Amino acid sequence: MIMLEGAIAIVKEFSTVFKGLTMPRDTYPYPEKRREYAPRFRGKHMLAKDTDGHELCVGCGLCEAVCPAHAIRVVAQEAPSDKPVSWTSRYAVDFEVDMIRCIFCGMCEEACPTNAIQLTPFNELAAYNRLNMIADKEELLRPARQR
Ligand code: SF4
Ligand code: SF4
């Protein structure tokens, strides 16, 4: 009798295991498959250029002022007249976004008068070093790897 009860318990346990193996997965086999995000998803920032390759950012500092996490640092200066960088005479010589501080609220994007700063769907933000989580201007002007 005890042996029969033991055998029934084992069969029940195996049936639970097999049921689990055949159930549809709720997880993704990342990185082979990535989940779809809503169009309004806010990931890593980028700094946009116009069709002539000029930077849209004019260094006005509005994004820096509006950021609730103090994650943005902008240093503006006059562009040399013989070498236009942005579409106006002013541009951001230095621009940083601290991805650790950022809460991805999107207020910088909303405040920007030139649509220069934009939040992209890129969300793979990881680094071995905290300093590498600060995106500088060069990085922000480069297209993100995953878009
Ligand atoms: S998304 Fe929000 S928290 Fe992040 S940099 Fe922009 S304003 Fe700051
Ligand atoms: S990204 Fe936009 S809001 Fe920020 S400094 Fe440049 S122009 Fe101004």
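On a 1 Å grid over the protein atoms alone, a cavity is a set of points where a 1.4 Å probe fits but cannot get out, and its lining residues have an atom within 4 Å of a point. Grid points are joined across faces, edges and corners, and a volume is the space filled by probe spheres set on the points.

Before you click around: this is a predicted model, where local features need pLDDT of at least 70, side-chain atom pairs count only at pLDDT 80 or more, and totals for chains, interfaces and linings use all residues. Residues are numbered from 1 along each chain as written, chains are lettered from A and ligands numbered from 1 in the order written, and side-chain values use heavy atoms, with hydrogens and water left out.

**Stop one: ligand 2 and its cavity**

Over the whole structure, a search turns up 3 cavities of 30 Å³ or more. The largest has a volume of about 80 Å³. Its lining counts 15 residues, and Cys-57, Cys-60, Cys-63, Cys-112 and Ala-116 are the closest to its centre. Sorted by class, that lining is 12 nonpolar, 3 polar and no charged residues (Ala, Val, Leu, Ile, Met, Phe, Trp, Tyr, Cys and Pro count as nonpolar, Asp, Glu, Lys and Arg as charged, and the others, Gly among them, as polar).

What takes up the space of the largest cavity? Select ligand 2, which is what fills it; a molecule sits in a cavity if more than half of its atoms lie within 2 Å of its grid points. Around ligand 2 you'll find 13 residues, the closest being Cys-57, Cys-60, Gly-61, Cys-63 and Cys-112 (a residue is near a molecule if one of its heavy atoms lies within 4 Å of it).

**Stop two: ligand 1**

Now jump to ligand 1, which sits in the second largest cavity. That cavity has a volume of about 70 Å³. Of its 13 lining residues, His-45, Cys-67, Cys-102, Cys-105 and Cys-108 are the closest to the centre. Ligand 1 has 13 residues around it, with Cys-67, Cys-102, Cys-105, Gly-106 and Cys-108 coming nearest. The shell around ligand 1 splits into 11 nonpolar, 2 polar and no charged.

**Stop three: Leu-119 and Ile-103**

Pick Leu-119 in strand β4, residues 117–119 (helices, H or I with at least four residues, and strands, E with at least two, are DSSP runs numbered from the N terminus). Setting aside neighbours within four places in sequence, the contacts of Leu-119 include His-45, Gly-106 and Cys-108 (contact means heavy atoms within 4.5 Å). Is Leu-119 buried or exposed? Leu-119 is buried, because its relative accessible area is 11% (buried means under 20%, exposed over 50%, partly exposed in between, with a 1.4 Å probe and protein chains only).

Next, select Ile-103 in the loop between β3 (90–98) and α3 (107–111). Ile-103 counts as exposed, at 57% relative accessibility.

**Stop four: Lys-137**

Go to helix α4, residues 137–141, and choose Lys-137. Lys-137 is buried at 12% relative accessible area, and among the residues it touches are Glu-55, Tyr-91 and Phe-95.

**Last stop: backbone oddities**

Show the backbone at Tyr-30 and Pro-31: a cis peptide bond joins them, with omega about 10°. Then try His-70, whose phi is positive, near 50°, in a residue other than glycine. His-70 is in the loop between α2 (62–66) and β2 (72–78) and is exposed at 60%. Finish at Asn-115, in the loop between α3 and β4, where phi is near 60°.

Notes
1 Å grid on protein atoms, 1.4 Å probe; cavity = no way out; pocket = protein on both sides within 12 Å on 5 of 7 lines; lining within 4 Å.
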